[in-house]
Amino acid sequence: MGATVTGRPDAAAERAAAFVHAIVWAEHTTLWELLSDRGRAAALSVAMRNGLDRVVAGRIRDDLADPVERERFLQQLVVGLRRDLRSVELTELTLGECNSASDGSVAVQLLTPSQLPGTDAWPAGRLVLSCDRNRGWVVDRLEPRLAGP
């Protein structure tokens, strides 16, 4: 499979669905695998602001961390992503539109059903993905929307 296959927007939606599934079921190693280098750097930056030691962060970034350090960090990553989506029922999230940007990235809308009768699902946020030559579509960031419809 070449970049033309992994670069399809429907493949980005499949990876976005896998990312949401990993958040819902706390599959923390899968989350890490689905994050782009940019996404991993952002996660480590947030973790350092919240007290993760720089040396430990460097070992995690370079894939040299002690398994206990890595496990603890990845568990906290799941907690943080769930906190970002705290205004929605995670198991009810669905994917909406998939929009390509001029830089080659794709934004996949996350939808949550409305609790108001006669009201359509509303956007709970979006995942922004980029296509890595070796790994296919990877998640750069989650942009949650914390308000309802």
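Helices here are DSSP runs of H or I with at least four residues, numbered from the N terminus. I use that numbering throughout these entries, and I note at the start that the model is a predicted one.

**Entry 1: His 28**

I looked up His 28 and found its place in helix α3. I then asked whether His 28 is buried or exposed. Its relative accessible area is 15%, so I entered His 28 as buried; the cut-off for buried is under 20%. Next I listed its contacts, leaving aside neighbours within four places in sequence. These contacts of His 28 are Glu 71, Leu 74, Gln 75 and Val 78.

**Entry 2: the aromatic pair**

I searched for aromatic pairs and the structure returned one. Why is the pair of Trp 32 and Phe 73 called edge-to-face? The ring planes stand at 90°, so the label is edge-to-face, and the ring centres are 5.3 Å apart. Planes over 60 degrees apart are enough for that label. I placed Trp 32 in helix α3 and Phe 73 in helix α6, 41 residues apart, so noted as a link between distant parts of the chain. I recorded both Trp 32 and Phe 73 as buried.

**Entry 3: Leu 34**

I stayed in helix α3 for Leu 34. Leu 34 has a relative accessible area of 6%, and I therefore logged it as buried. Leaving aside neighbours within four places in sequence, I found Leu 34 in contact with Arg 15, Ala 18, Phe 19, Arg 135, Val 138 and Val 139. I also took one C-alpha separation: Leu 34 and Glu 92 are 21 Å apart, with their positions 58 residues apart along the chain.

**Entry 4: helix α5 and its ends**

I went through α5 for buried residues and wrote down Val 56, Ala 57, Gly 58 and Ile 60. What covers them? I found that the cover of these α5 residues includes α3, α4 and α6. At the N-terminal end of α5 I found Asp 53 as the cap, with a side-chain oxygen 2.9 Å from the backbone nitrogen of Val 55. After α5 comes Asp 63, with a positive phi near 60°.

**Entry 5: positive phi**

I checked Asp 63 further and placed it in the loop between α5 and α6. Asp 63 has a relative accessibility of 58%, so I entered it as exposed. I also looked at Ala 26, a residue other than glycine with a positive phi, near 55°. I located Ala 26 in the loop between α2 (9-24) and α3. The relative accessible area of Ala 26 is 32%, and I filed it as partly exposed.

**Entry 6: Ser 105**

I found Ser 105 in the loop between β1 (94-100) and β2 (106-112). Ser 105 is buried, at 10% relative accessible area. I noted a polar contact of 2.6 Å between the side chains of Ser 105 and Asp 103. With neighbours within four places in sequence left aside, the contacts of Ser 105 are Asn 99, Ser 100, Val 128 and Leu 129.

**Entry 7: the largest pocket**

I read off a volume of about 630 Å³ for the largest pocket. Its lining has 24 residues, and I listed those closest to the centre as Ala 43, Val 46, Ala 47, Gln 76 and Leu 77. Which elements supply at least two residues each to this lining? I found α4 (37-49), α5 (54-61), α6 (67-84) and β4 (136-144). The most comes from α6, which gives nine residues to the lining of the largest pocket. Sorted by class, I have 14 nonpolar, four polar and six charged residues in this lining.

**Entry 8: the second largest pocket**

I entered a volume of about 260 Å³ for the second largest pocket. I found 15 residues in its lining, and those nearest its centre are Trp 32, Arg 40, Leu 44, Ile 60 and Arg 61. Trp 32 is also a member of the aromatic pair, and Ile 60 is among the buried residues of α5. For this second pocket I noted that α3 (28-34), α4 and α5 each supply at least two lining residues. The largest share is that of α4, with six residues. By class, I counted six nonpolar, two polar and seven charged residues in the lining of the second largest pocket.

Conventions:
Residues are numbered from 1 along each chain as its sequence is written. This is a predicted model: local features need pLDDT of at least 70, side-chain atom pairs count only at pLDDT 80 or more; totals for chains, interfaces and linings use all residues. Side-chain values use heavy atoms; hydrogens and water are left out. On a 1 Å grid over the protein atoms alone, a cavity is a set of points where a 1.4 Å probe fits but cannot get out, and a pocket is an open set with protein on both sides within 12 Å along at least five of seven lines; lining residues have an atom within 4 Å of a point. Grid points are joined across faces, edges and corners, and a volume is the space filled by probe spheres set on the points. Ala, Val, Leu, Ile, Met, Phe, Trp, Tyr, Cys and Pro count as nonpolar, Asp, Glu, Lys and Arg as charged, and the others, Gly among them, as polar. Buried means under 20% relative accessible area, exposed over 50%, partly exposed in between (1.4 Å probe, protein chains only). Contact means heavy atoms within 4.5 Å. Rings of Phe, Tyr and Trp (its six-membered ring) pair if their centres lie within 6.5 Å; planes under 30 degrees apart count as stacked, over 60 as edge-to-face and the rest as tilted. A polar contact is a pair of N or O atoms within 3.5 Å; within protein, one must be able to donate a hydrogen and the other to accept it, and residues adjacent in sequence count only if both atoms are side-chain atoms.
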